[in-house]
Number of protein chains: 4
Amino acid sequence: MVFTYPQKILFKHCDPAGIVFYPRYFEMINDCVEAFFAQIGFPFETLHKTASVPTAEISTRFTAPSRHGDHLILTLEATRLGRSSLGLEITASAGTEARFACTSTLVLVDATGRPLRWPDPMRAALTPYIRSRP
Amino acid sequence: MVFTYPQKILFKHCDPAGIVFYPRYFEMINDCVEAFFAQIGFPFETLHKTASVPTAEISTRFTAPSRHGDHLILTLEATRLGRSSLGLEITASAGTEARFACTSTLVLVDATGRPLRWPDPMRAALTPYIRSRP
Amino acid sequence: MVFTYPQKILFKHCDPAGIVFYPRYFEMINDCVEAFFAQIGFPFETLHKTASVPTAEISTRFTAPSRHGDHLILTLEATRLGRSSLGLEITASAGTEARFACTSTLVLVDATGRPLRWPDPMRAALTPYIRSRP
Amino acid sequence: MVFTYPQKILFKHCDPAGIVFYPRYFEMINDCVEAFFAQIGFPFETLHKTASVPTAEISTRFTAPSRHGDHLILTLEATRLGRSSLGLEITASAGTEARFACTSTLVLVDATGRPLRWPDPMRAALTPYIRSRP
């Protein structure tokens with residue numbers, strides 16, 4: 001199962017060259033991850049009362065520029081569910097054209113930053129999004 | 001030779017967990033790259049009249065959180081100078097503690113987005129920053 | 001007639017005090033204005049090919065803090081349609097609680113920054129949103 | 001006495017029209033206020049352990065656009081020191097050209113958002129920056 005997140009490219013995302021300024025893509029990626037956790041029943045505004053899911057690493061390849069008014073679809077899949085970590089793959093496209101592909105690793109931590117084991121209900125909610133290998 | 005860029009962690013960089021919201025790191029990374037090009041004589045505000053240097057890929061590993069008031073030093077080195085591309089490694093630390101390490105590839109393109117060969121003066125200005133392999 | 005724009009408060013909007021960092025409100029306000037122009041048939045991505053509508057002045061009063069997860073509704077009304085200018089009032093509330101109230105003036109300008117008379121179709125599209133005085 | 005804060009206009013500040021996207025000005029204004037409090041001995045990273053100074057209202061008039069590479073000087077003066085509030089006037093110019101002028105009111109609040117009387121040392125540190133009326 002995948003999670004999809006639509007994002008129109010707005011004026012605020014674009015730079016003087018008329019294309020998305022890439023740090024804004026990371027805000028979109030964060031918004032997509034936040035919307036995904038809300039979708040599976042663990043909205044950040046609740047989760048963050050006792051824990052958080054900082055990004056430990058993220059690698060992104062930008063394959064074509066996006067312009068003001070483009071309608072992007074971000075597609076999120078989990079690639080690996082560890083004891084405290086979650087591997088994600090997020091790709092974005094406009095129509096049939098790929099715009100970026102990103103892999104990241106999140107870690108569930110408590111308020112002091114120490115890794116936490118995913119609670120069983122979160123593990124159960126995340127599992128359907130883990131990509132099965134062909 | 002390396003280029004260093006100081007960045008105090010400001011209120012605007014931090015999230016409700018009191019640590020830097022990672023998309024803000026990418027703004028800092030972009031500011032560092034912009035300051036580096038200014039330092040070597042090719043400020044973006046001039047370069048961008050005819051060309052630009054979009055980021056084609058970027059991979060970042062966040063090793064420890066940064067907090068409001070921390071004094072980060074970003075250190076930039078070039079790892080590879082291709083025909084139109086430039087590999088960079090940017091690391092950030094506060095005192096002796098590493099905060100993130102990032103590798104990226106920039107590409108020099110013209111106003112239509114087509115790759116351009118680095119002009120000789122830019123190549124000459126970049127060369128001292130290419131890390132020699134041990 | 002009024003234009004309404006929903007905005008959930010996301011992680012990225014909030015500061016270490018756990019409330020919206022006020023410059024992020026201005027991004028929301030801009031998004032609301034952009035969505036309004038799209039709604040009335042003049043999306044910024046089209047308009048900006050030949051013109052733009054920079055903000056000449058903006059005054060905002062923040063009456064209560066907004067927190068992560070709050071569901072804001074922004075309500076936009078026009079207060080005055082001049083030759084080249086447009087007065088707006090934008091208010092935001094969460095449920096029955098007001099969060100901010102803002103008045104601003106936009107000006108239609110050409111690519112060189114010179115004021116343009118609102119074209120008749122834009123004037124016609126804006127007119128229903130002008131608040132009638134009681 | 002006034003406090004001045006230099007700010008070069010960077011790539012990240014500018015929009016597809018090649019001028020500063022106005023919400024970025026509010027980040028600059030916030031950075032200027034943060035630097036001012038650091039200058040007078042009350043850096044936000046310390047102050048925020050027990051209090052904060054949210055902006056209650058802010059009014060800004062943008063008089064000329066700023067472009068990538070411009071060197072702005074922001075000038076901050078206090079206009080009024082109340083029991084818990086502080087009126088500020090911040091203007092920005094590039095050379096002799098004014099770019100924006102802003103008035104705002106900050107309020108010192110405790111961790112629960114309740115107004116606090118300015119402690120005497122802060123009052124003493126702020127007083128020299130209160131503009132004397134002619």
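These legends walk through close-up views of a predicted model, one contact at a time. Residues count from 1 along each chain as its sequence is written, and chains are lettered from A, with ligands numbered from 1, in the order in which they are written. Local features need pLDDT of at least 70 and side-chain atom pairs count only at pLDDT 80 or more, while totals for chains, interfaces and linings use all residues; side-chain values rest on heavy atoms, with hydrogens and water left out.

**View 1. Chains A and B are related by a turn of 180 degrees.**
Superposing chain B on chain A gives an RMSD of 0.0 Å, with a shift of 0.0 Å along the axis (least squares on the C-alpha atoms of residues with pLDDT of at least 70 in both copies). This is the relation of a two-fold axis. To find the axis in chain B, look for S59(B): its C-alpha is the nearest one, 2.0 Å away.

**View 2. Chains A and B meet through the same surface.**
Each partner brings a set of contact residues, 16 from chain B and 16 from chain A (contact means heavy atoms within 4.5 Å). Of the interface residues of chain B, 100% are also interface residues in chain A, so the two copies use the same surface. The size of an interface is often given as the accessible area lost when the parts come together. Here about 1700 Å² is buried, and carbon and sulfur atoms give 54% of that (buried area is the accessible area, with a 1.4 Å probe, that two parts lose on being put together, summed over both). On the side of chain B, Y22(B), F26(B) and I58(B) lose the most area to chain A, together 29% of what that side buries.

**View 3. Four salt bridges link chain B and chain A.**
Side chains of opposite charge can pair when their charged atoms come close. One pair to pick out is E27(B) with R24(A), whose closest N and O atoms are 3.1 Å apart (a salt bridge is a side-chain nitrogen of Lys or Arg within 4 Å of a carboxyl oxygen of Asp or Glu). Across this interface there are also nine residue pairs in polar contact, both residues at pLDDT 80 or more (N or O atoms within 3.5 Å, within protein one able to donate a hydrogen and the other to accept it, residues adjacent in sequence counting only if both atoms are side-chain atoms). In chain B, α1 (22-39) and β3 (55-62) each supply at least two residues of the side that touches chain A (helices, H or I of at least four residues, and strands, E of at least two, are DSSP runs numbered from the N terminus). The largest share, eight residues, comes from β3(B).

**View 4. Strand β3 of chain A pairs with β3(B) across the interface.**
The two strands run in the antiparallel sense, over five bridges (strands pair if DSSP finds at least two bridges between them). Along this pairing, S59(A) stands opposite S59(B), and R61(A) stands opposite E57(B). Within chain B, β3(B) also pairs with strand β6 (residues 97-107) in the antiparallel sense, over seven bridges. There E57(B) stands opposite T105(B) in β6(B).

**View 5. Chains A and D make a contact with zero salt bridges.**
Chain A can be laid on chain D by a turn of 180 degrees and a shift of 0.0 Å along the axis, with an RMSD of 0.0 Å. In chain A, P16(A) comes closest to that axis, its C-alpha at 2.1 Å. The same surface serves both copies, as 100% of the contact residues of chain A recur in chain D. Eight residues from chain A and eight residues from chain D take part. Together the chains bury about 810 Å², 73% of it on carbon and sulfur atoms. F11(A), P16(A) and F21(A) lose the most area on the chain A side, together 58% of what that side buries. Polar contacts between residues at pLDDT 80 or more also come to zero here.

**View 6. A salt bridge joins E45(C) to K8(A).**
The closest N and O atoms of this pair are 2.9 Å apart. E45(C) lies in helix α2 (residues 44-47) of chain C and K8(A) in strand β1 (residues 3-8) of chain A, so the pair joins two chains. Over all chains, the count comes to 44 salt bridges.
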